[in-house]
Amino acid sequence: MSEPQVPGSEFGVPSGSVANLEPGTRNSELGIVAVFSGGGAKASAHVGAYRALEEAGLIPAHIVGTSMGGVFAALFASGLSASEALERVGAIGEREILQADPFAFVKGLWARSLLKPEPFRRSLERMIPARRFEDLRIPLTVTAVALDTGELTLFGANGRSIPLLEALYATAALPLFLPPAVIDGQRYADGGLRAVLPLEPASLIPARLVVAVDVGPGFDEVEGSEGPGVPPVVEVHNEATGILMAGQTVAALALWRSSPNRPPLIYVRPRVEKGATFRVDQVRRYAEEGYTATRAALAGLNSGAG
């Protein structure tokens, strides 16, 4: 983004006042928009966040998601509760989702991707009950990036209508790990390349409150538990991409807070660990952390704090 970056300490400070919003009010009156960031396996924190919204009676009227945040958003938009969504995700094993292409290391720099796309596509088919955006109970917008132009593209509500599962693959197709989606002859990759926390697409939707849950890369990430090792070149790629995405999110938050006439923003930042993108074995822990962080952020609805 072209907006100047601001220090990483900007994270975690909600903007606007939520004192006039009462828990339990119908979502059609509130016009709540939920924004779910990318983050790989860490995006399972959105399950906990959605559970906290359910308990507060704050079911979103619209959801915007990027990458795996878009996948989890599709579960909720299909009408599944947080607990039902977690069961669907938990029923799919890590090896069913992530399968390395055995020829990738033989091909070296000429490989298209490190992971096979087919297992991830099959996992989407098993997890997501809907097949069309039009069949969803909650309007959903997911992001992707057109690789030929660098343009941020929206699919679903407020964007192009394509098959839902194709949009979900595109939004999560992170370069190096998965090959891009080819849609109408154009290549599309992970929406996090331009909007890992898609606040700008959310700004196009009329709302009285926006709840943004961010488990993407940030300058506040803590050291995580030891996970599977990765080749040094992949580790450096992940670090470089993470720095770019973290700066992008800082800029997006600063733009939201400096722009007049935008609705109040509740920014939720669960505990995020470094190197946890593929820690599928930790999804239930991440979900609990998302629940805890969102409950704490929503406390302002009861206290009237801004």
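How many bridges join β7 to strand β8, and which way do the two run? That was what I wanted to know when I opened this predicted model.

**Entry 1: β7 and its neighbours**

I looked up the pairing and found four bridges between β7 and β8 (residues 265-268), with the strands running parallel. To fix the register, I picked V210, whose bridge partner in β8 is L265.

Then I turned to strand β1 (residues 32-36). Five bridges join β1 to β7, and these two strands also run parallel. Here my register marker is I32 of β1, which has L209 as its bridge partner in β7. So I have β7 paired with β1 and with β8.

**Entry 2: Is β7 buried or exposed?**

I went through strand β7 (residues 209-213) and found five of its five residues buried, so the strand is largely enclosed by the rest of the structure. I then sorted the residues by face. In a regular strand, side chains alternate between the two faces of the sheet. On one side of β7 I listed L209, V211 and V213, and on the other V210 and A212. Both faces are covered.

**Entry 3: α2 against α3**

Next, some helices. I noted that helix α2 (residues 45-55) packs on α3 at an angle of about 40°, with the axes 9 Å apart. Angles under 35 degrees would count as roughly parallel, so I wrote this pair down as oblique. Their crossing is right-handed.

Which residues of α2 and α3 meet? From α2 I have H46, V47 and Y50, and from α3 G69, F72 and F76. I sorted the residues of this contact into four nonpolar, two polar and no charged.

**Entry 4: α3 against α4**

I followed α3 (residues 68-77) to its contact with helix α4 (residues 82-90). The two pack at an angle of about 125°, with their axes 9 Å apart. That makes α3 oblique to α4, and I noted a right-handed crossing for this pair.

For the contact itself, I listed F72, L75 and F76 on the α3 side and A82, A85, R88 and V89 on the α4 side. These contact residues divide into six nonpolar, no polar and one charged.

**Entry 5: What I take along**

While comparing my lists I marked F72 and F76 of α3: they meet residues of α2, and they turn up again in the contact with α4. For the strands, my short note reads that β7 has both faces covered.

Key. Residues are numbered from 1 along each chain as its sequence is written. This is a predicted model: local features need pLDDT of at least 70, side-chain atom pairs count only at pLDDT 80 or more; totals for chains, interfaces and linings use all residues. Side-chain values use heavy atoms; hydrogens and water are left out. Axes are lines fitted to C-alpha atoms, for helices over the stretch in contact, and angles run from 0 to 180 degrees between N-to-C directions. Angles under 35 degrees count as roughly parallel, over 145 as roughly antiparallel, 65 to 115 as roughly perpendicular and the rest as oblique. A crossing is left-handed if the near helix is turned anticlockwise from the far one by less than a right angle, and right-handed if clockwise. Contact means heavy atoms within 4.5 Å. Ala, Val, Leu, Ile, Met, Phe, Trp, Tyr, Cys and Pro count as nonpolar, Asp, Glu, Lys and Arg as charged, and the others, Gly among them, as polar. Buried means under 20% relative accessible area, exposed over 50%, partly exposed in between (1.4 Å probe, protein chains only). Two strands pair if DSSP finds at least two bridges between them.
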